[in-house]
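User: Please take a close look at a single helix in this model, and tell me how it is placed within its own chain and against the neighbouring one.

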Amino acid sequence: MLENLEGHFAYYFLASLTVIGFYGMLAKRNLVKKLIGMTILQTSIILFWLVGAYRAGGSVPIYDERLGMADPARYVNPLPHTLMLTAIVVAVVTLGVAFALIIAIHRSYGTLDEEELLERMR
Amino acid sequence: MTAANLPALIPLAYLVTALLIQLAGAWRRSLAPTLAVTGASAGAVLALAGLVRVAASGPLSYELGGWPPPVGIEFVLDGLSAFMVAVVTVVGLVALVHGGRTTATEIPGRVVPFLSASMIFLTGLTGMVLTGDLFNLYVFLEISSLAAYALLAVGSRQAPLSTFRYLTMGTAGASFYLFGLAFLYLEAGTLNMADLGRILSLVESHAPVIMGLTFMGVGMALKMALFPLHGWLPDAYTDASSAGTSLVAPLGTKVAAYVLLRLFFYVLEPEYARGLPLLTAVGYLGIAGVVWGSVMAILQPELKRMLAYSSVSQVGYIAAGIGLASPLGFIAAVLHILNHAFMKACLFLVAGSLRLRRGHSHIPRFDRSLRRAMPWSMAAFALAALSMIGIPPTAGFFSKWYLALAALEQANWVLLAALVASSLLNAVYFFRVLERMYLVPAPEGVGTAPAAIEPGEVPASMLVPTLVLAGGLLVLGLGNAWLVTHLIRPMLPAGL
């Protein structure tokens, strides 16, 4: 059990982060709290990619004369970082659209409580 | 401009138009609809040219920025993507032509951003279909989804709330896709579809690969509203404006189905995909959705909501075809993507026309004065309804026929029973509407005058697109043998 934990702390942490985010999206009644859950879920996935790119003892992926080019294992993998830069942009834009919708909902209903909103829609 | 650039030009045509609409719209609003139709026509012409070209001389590939794959991103126009792009662009064009009038009456003052968003929506969809890179696909997926949220959020008072729920579900779906892709990338070290397929065939029984595929499958199932992940769809489609629904409904879910086809049968080896329990699950959930969507559709008094539930059931047919993982099942799924895009677009266009002329699309308030006032629109509706039920020679019959053949081939009696049952249920909910439209007399004394905003048939800009789609259903139905032998059979993945 403990051996399994050792060296995999990051994955356990991210798994719990994913579950927390998902729980927030499903169980919270307030729409803003749902969005917080959504952001936690997205962040956990972005971090998962970055943890996957990590190499123990690896340097930043910039050419260094002392490390040379012979052994790519001396650098961390740069591709997931660049990909996740795009994913972060996507997450921010999604959040922006979601807040625009929340403002529109609040203007026409005056509340952000999901159950109250569903009742008023009837 | 050579043919080699076609794959990149199609999404680019929409993207440039989206910018032009904003610029020209700031100067003169009336320019926006013309520009949108022009841009969509350009996209459709390019896509059809691509379809002809691919059928004649094989797939095209475009290396973005001159970086050769697998390092760079490539756009691939092969049999399947050329077919899908043609469907998306043509149906998108028709829906936009029809929407010119409904946007002006239903969402005045928001036409310019609406049309700009619809161009970005089509950019995202065509990009998703064309890209040969799985991460690039995620980016285009989010582009099309964000534009779809904007399109669906304008409309009735409830629209922002319904769209918010779609947004959370849709974002969860896209996040699952990204999560699953991380597993595949960490296992194989590449994102290019062709390259990934080669490498995955060496490691495909590893647990991370199966984890990754499952997450990606669930994400796409959410996006394509596969039962039981369809909860967001009915509200979002009902509360949006007519133009928004008729643009998003026929296309959004189909492209997610395309991603499943691409992932299971092209990136993976079909032989391996067939053994995946995930694929079987997709098939059986599709069957459940077929029945569930039909039953729920019967219970709906609102036409748009009924059509939305019927979408859930029609997506089920596509999923069932994918789940069978046989050549016939593949043909049925691809043919149904085309047929359903035409049928559903036609039905939603008529719903939009009804809202323009009557101000509502509430089924219990329909009566036979509709037939007198709008004979052509009603005829188009009737034809599309017959096609949904699956009566030959309309297009809907043939995709069901191929699906039934595929089910017989594998002795899948559950699917066959669901097919028969849902066709009967489809008949129930469409004849219920047709009966009111054609037979039920107008209530005494009330007349139709107070409810009618403008009596008579809809203007030509709305009637022609509706009739083109309705006529298209007959053409696609009668020409289905040609379609299957010349377009769909050549695109069958090797080894299926």
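Analyst: In this predicted model, the cover over the buried residues of α2(A) includes α3 of chain A together with α6 (159–188) of chain B. The buried residues in question are A:Thr18, A:Gly21 and A:Met25, and, seen down the axis of α2(A), they fall within an arc of 65°, so they line one face of the helix. An α-helix has 3.6 residues a turn, so residues three or four places apart point the same way. On the face of α2(A) turned away from that buried side lie the exposed residues A:Phe9, A:Tyr12, A:Ser16, A:Leu26 and A:Ala27. The helix itself runs over residues 9–27 of chain A, and its 19 residues reach 27 Å from the first C-alpha to the last, close to the 27 Å expected at 1.5 Å a residue.

Turning to the two chains, 25 residues of chain A are in contact with 22 residues of chain B. On the side of chain A that touches chain B, α3 (31–53), α4 (78–109) and α5 (114–121) of chain A each supply at least two residues, and α4(A) gives the most, with 13 residues. That side of chain A divides into 19 nonpolar, 5 polar and 1 charged residues.

As for the partner, chain B contains 20 helices and 2 strands, and buried residues make up 62% of its 496 residues. Its radius of gyration of 22 Å agrees with the value near 23 Å that a compact globule of 496 residues would have, and the C-alpha trace of chain B spans about 75 × 60 × 40 Å along its principal axes.

Methods: Residues are numbered from 1 along each chain as its sequence is written. Chains are lettered from A and ligands numbered from 1 in the order in which they are written. This is a predicted model: local features need pLDDT of at least 70, side-chain atom pairs count only at pLDDT 80 or more; totals for chains, interfaces and linings use all residues. Helices (H or I, at least four residues) and strands (E, at least two) are DSSP runs, numbered from the N terminus. The radius of gyration is taken over C-alpha atoms; the globule rule is 2.2 Å times the number of residues to the power 0.38. A residue is buried if 20 or more other C-beta atoms lie within 10 Å of its own, exposed if 12 or fewer, and partly exposed in between; C-beta atoms are placed from the backbone. Two residues are in contact if their C-beta atoms, placed from the backbone, lie within 7 Å. Ala, Val, Leu, Ile, Met, Phe, Trp, Tyr, Cys and Pro count as nonpolar, Asp, Glu, Lys and Arg as charged, and the others, Gly among them, as polar. The expected span of a helix is 1.5 Å times one less than its number of residues. The arc is that of the directions from the helix axis to the C-beta atoms.
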